Amino acid sequence: MVVFICGACGESLKKNKVQTHYQRQCPQCEVLSCMDCGKDFYGDDYNNHNSCVSEAEKYQGALFKASKESTSKGAKKQADWLEAFNVAISSPKIKPQLRPHLNKMATYDNIPRKLKKFSNWCKNSLRLFDQKIVQDLFKVLQKAHEDAKGTSVPEEKTGVTAENASAMETAEKVAAGKNLPSFADQVKGKDAKKEKDDDKE
């Protein structure tokens, strides 16, 4: 997590504590400095600073060689997710009741990408217990992420598999009143098919 240093009082602050520090403890603070990279951030610019240099990169300087592990798939996926979040929060199409929750979420850089974890995270971090709002927030983020990737995933999975598709088809025929073979005929058909397979072997 990114840590900032207050330019007025020198206190070290995690990103999610900066806003309360501004409001309650140090209203004269005008600039924050990132503890790792040393960049200065004025006003609310710190919100866009989600990740920073690693310790190895900071202390090795020009000698630092990035390994494949440092740019892992998970970190890249999370960076894409946070980028989609920044796009979503700036969108004018967001419902007004979701806007304050998105503004609260902007102070975090660990927003989960899966619905179940996102729901738990909202309960613990945002103290948001209304599941409808949680699902609406997740849909907004998911849509922004899909738009950023240029792919579209269906909103809900139907749960229809190859195994139960034939059962559904049979049920539809029964509902339509079509003649179906009796159970005995179906068993005979399966036995005949099995005999043919045995003959082939």
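## A first look at the salt bridges and the cavity

At 31% relative accessibility, aspartate 80 counts as partly exposed. It makes a good starting point, since this residue belongs to a salt bridge with lysine 76. Please keep in mind that the model is predicted. The briefing below takes the salt bridges in turn and then moves to the cavity.

**The pair in helix 3**

- The side chains of aspartate 80 and lysine 76 form a salt bridge, with 3.5 Å from N to O.
- Both residues sit in helix 3, which covers residues 73–89, and being four residues apart there puts about one helical turn between them.
- Lysine 76 has a relative accessibility of 53% and counts as exposed, whereas aspartate 80, at 31%, is partly exposed.
- As general background, side chains of opposite charge can pair when their charged atoms come close.

**Two pairs in helix 6**

- Helix 6 spans residues 131–149 and holds both aspartate 136 and lysine 132, four residues apart, or about one turn of the helix.
- The side chains of aspartate 136 and lysine 132 meet in a salt bridge at 3.4 Å, N to O.
- Aspartate 136 counts as buried because its relative accessibility is 14%, under the 20% cut-off.
- Its partner lysine 132 is exposed, with a relative accessible area of 54%.
- Helix 6 also contains lysine 143 and aspartate 147, again four residues apart and separated by about one helical turn.
- A salt bridge links the side chains of lysine 143 and aspartate 147, at 3.2 Å from N to O.
- Aspartate 147 has a relative accessible area of 52%, so this residue is exposed.

**The wider set of salt bridges**

- Salt bridges with shared partners connect Lys95, Lys132 and Asp136 in one network.
- In total, the model has four salt bridges.

**The cavity**

- How many cavities of 30 Å³ or more does the model have? The count is one.
- The largest cavity holds about 40 Å³ of space.
- Its lining is made up of Asn47, Asn50, Leu82, Phe85, Asn86, Ala106 and Tyr108.
- By residue type, that lining divides into four nonpolar and three polar residues, with no charged ones.
- Leu82, Phe85, Ala106 and Tyr108 count as nonpolar, and the three asparagines of the lining, Asn47, Asn50 and Asn86, count as polar.

Terms used: Residues are numbered from 1 along each chain as its sequence is written. This is a predicted model: local features need pLDDT of at least 70, side-chain atom pairs count only at pLDDT 80 or more; totals for chains, interfaces and linings use all residues. Side-chain values use heavy atoms; hydrogens and water are left out. On a 1 Å grid over the protein atoms alone, a cavity is a set of points where a 1.4 Å probe fits but cannot get out, and a pocket is an open set with protein on both sides within 12 Å along at least five of seven lines; lining residues have an atom within 4 Å of a point. Grid points are joined across faces, edges and corners, and a volume is the space filled by probe spheres set on the points. Buried means under 20% relative accessible area, exposed over 50%, partly exposed in between (1.4 Å probe, protein chains only).
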